[in-house]
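Below are some points on the interface and on one sheet, set out for your reading beside the coordinates.

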Amino acid sequence: MTRRLAVISAGVGTPSSSRLLADRITDAVRSQVGARGEDVRVDVIEVRELAASLATMTTAAGLPIAEVEHAHDIVRTADGVVAVTPVFSASYAGIFKMFWDTFQPDDLDGIPVLIGATAGTPRHSLVLDHAMRPLFTYFRMRVVPTGVFAATEDFGAGAGGEQLTRRIVRAATELAGLMVTTADAVEGFVPTGPAAHGNRGARSNVRDGYDISSITPFTHLLAGHDGN
Amino acid sequence: MQFGVFTIGDVTPDPATGRAPTEHERILSMMAIAEHAEEVGLDVFATGEHHNPPFVPSSPTTMLGYLAGRTKNIVLSTSTTLITTNDPVKIAEDYAMLQHLAGGRVDLMMGRGNTGPVYPWFGKDIRQGIPLAIENYHLLRRLWREPVVDWKGEFRTPLRGYTSTPAPLDDTPPFVWHGSIRSPEIAEQAAFYGDGFFHNNIFWDKGHVAQMVDFYRQRFEHYGHGRADQAIVGLGGQVFMRRNSQDAVREFRPYFDNAPVYGHGPSLEEYMNLTPLTAGSPQQVIEKYLTYADVVGDYQRQLFLMDHAGLPLTTVLEQIDLLAEEVVPVLRREFEARRPADVPSDPPTHASLVAQGPEGRHHLVQPATLPEDRTATGHTGAETTTRENA
């Protein structure tokens, strides 16, 4: 079965070291999922290309814009996400946050995510745990324990580079493990329905439009509200 | 098909002069706009309800009551009445009173409101928006349909032996629309009761509009009110016209660029591309709005937002003239030409609902019939009585 990996890179330059890191992580995830006997389909989202649309959407009461909606669909249907941002002013890049701000709070429930960041110096490495991890915890995504931080010097030879490779493999292994897990449970032994949201196996996935089979009938909505 | 104007009542400085009207001026200008809409033969005037600046229309029934006395034909509506933060008992009474004063020319549109703090200001929890809309509206239906109501709900003081006064005119409650932009629960609610669904699409693209309306239509059929294509649909829109399209764009651009709802974000061109907003010639407006029948199917009501973004009153009145003289007659003709004979042209009116008599489905608290009930009893509807429900 093909697993879907969504890669979000918020680098602002070309070439971008965030994209470079994202690509290395992607390759590692691909081989780790492959090692578990599964195939991977990768969709890469360059947030920079959406910057103007994100600004429009954010300032225009959520006006849906096709290319942003398309990116949303990619992320919401993914079995795993790799999210990489450069560090600006002690946190993630503004456009990185803007991208996530356009999601609804329950869009991303339970999706595993691997966080990565790049910066000029290793002193920014806490951005992973002080900024990115809380952001994705808010979305109730499953943030893998290992984050991947790359300072400029890590792209060279030397000890830093070696350690980066090891961290990438470790994080990719963690993500791949979550991506191939099926969370299905024996019927009747776990709560079902809305309470079971967040369970990736039971996740009826993606509010891809208003699927009539997934709607709560009004008689259920009205239950307890009919004043009797 | 009904055509009309709806206002949000924003007090916005005119970028040409830098001057904002006073609240008093703005309120009187809204009344002038409504009266002008009647003079030029439009079918509906609707007002929003807001409880925070820069908006003035906090008290729709006062405004509409004044208009009821000053007009003869135009349907007076809201866009929207806040079903979440208003007491449904007061809504039942206020709008029944209005309905009497207006000789039945009243319908109303329920909405949840678009300003977060309005919930706590009125003692409500915004996270309960949908349950509030569901419970409050159901109580409203009962108050308008049952002479004496006993009620115990989650959100309001219980009622024991309560009679809402006055009873609706001719014992026939007003027709209700449910306005929503993106909540399928509200489309579902409209479908359940067989009420109208108004998609206020002024900030939304056609794909989303089509999806929401289509969902409402399918559920309307599911609940046994008729075929999906016979459901009662309304849309919003906003236009600015000059004979020459370049003049329209040039004149409207500073208003767009500085308007609180649009300004400082997307360009006018982007916005026009994505939403119903049209700054151009009457012909361009006609062409764009004709496409909406392809998007949502044959629909029954089109409301235009004309008086926003600081446009001066004289300009708004000219716009309404252009709308009524050049746009509406063509749209009306074209929409009617494509409409199948068994798809209603107009939403229900007071006269049509009275004509259905007290046994009409509109008089039921729960008019929906589920497919399983229909096959079990062999009936096609109208079997859920108010008595069962009481």
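**Notes on the A–B interface and a sheet of chain B**

1. Across the interface of chain A and chain B, the rule finds 0 salt bridges, a result that should be read with the reminder that this is a predicted model. Polar contacts are found there, however, in 7 residue pairs with both members at pLDDT 80 or more.

2. On the side of chain A that touches chain B, the elements giving two or more residues are α2 (47-59) and α7 (218-222) of chain A, and α7(A) gives the most, with 4 residues. Sorted by class, this side of chain A has 12 nonpolar, 11 polar and 3 charged residues.

3. As for the extent of the interface, the contact draws 26 residues from chain A and 37 residues from chain B, and the two chains bury about 2,600 Å² between them, with 65% of that area on carbon and sulfur atoms.

4. Turning to the fold of chain B, an open sheet of 9 strands with parallel pairing follows the order β3-β2-β1-β13-β10-β9-β8-β5-β4. Because β3 (75-78) and β4 (81-82) of chain B stand at the edges and each has a single partner strand, one side of each is left without a neighbour in the sheet.

5. At the β3(B) edge, strand β2 (residues 44-47) of chain B runs parallel to β3(B) and is joined to it by 4 bridges; V44(B) has V75(B) as its bridge partner in β3(B).

6. Elsewhere in chain B, helix α6 (residues 184-193) lies across β8 (175-180) and β9 (196-199), and the helix runs at about 165 degrees to β8(B).

Methods
Residues numbered from 1 in each chain as written. Chains lettered and ligands numbered in written order. Predicted model: local features only at pLDDT ≥ 70, side-chain atom pairs only at ≥ 80, totals over all residues. Heavy atoms only, no water. Contact = heavy atoms within 4.5 Å. Buried area = accessible area lost by both parts, 1.4 Å probe. Salt bridge = Lys/Arg side-chain N within 4 Å of Asp/Glu carboxyl O. Polar contact = N/O pair within 3.5 Å; in protein donor to acceptor, adjacent residues only side chain to side chain. Nonpolar A, V, L, I, M, F, W, Y, C, P; charged D, E, K, R; others polar. Pairing = 2+ DSSP bridges. Axes fitted to C-alpha atoms, helices over the stretch in contact; angles between N-to-C directions.
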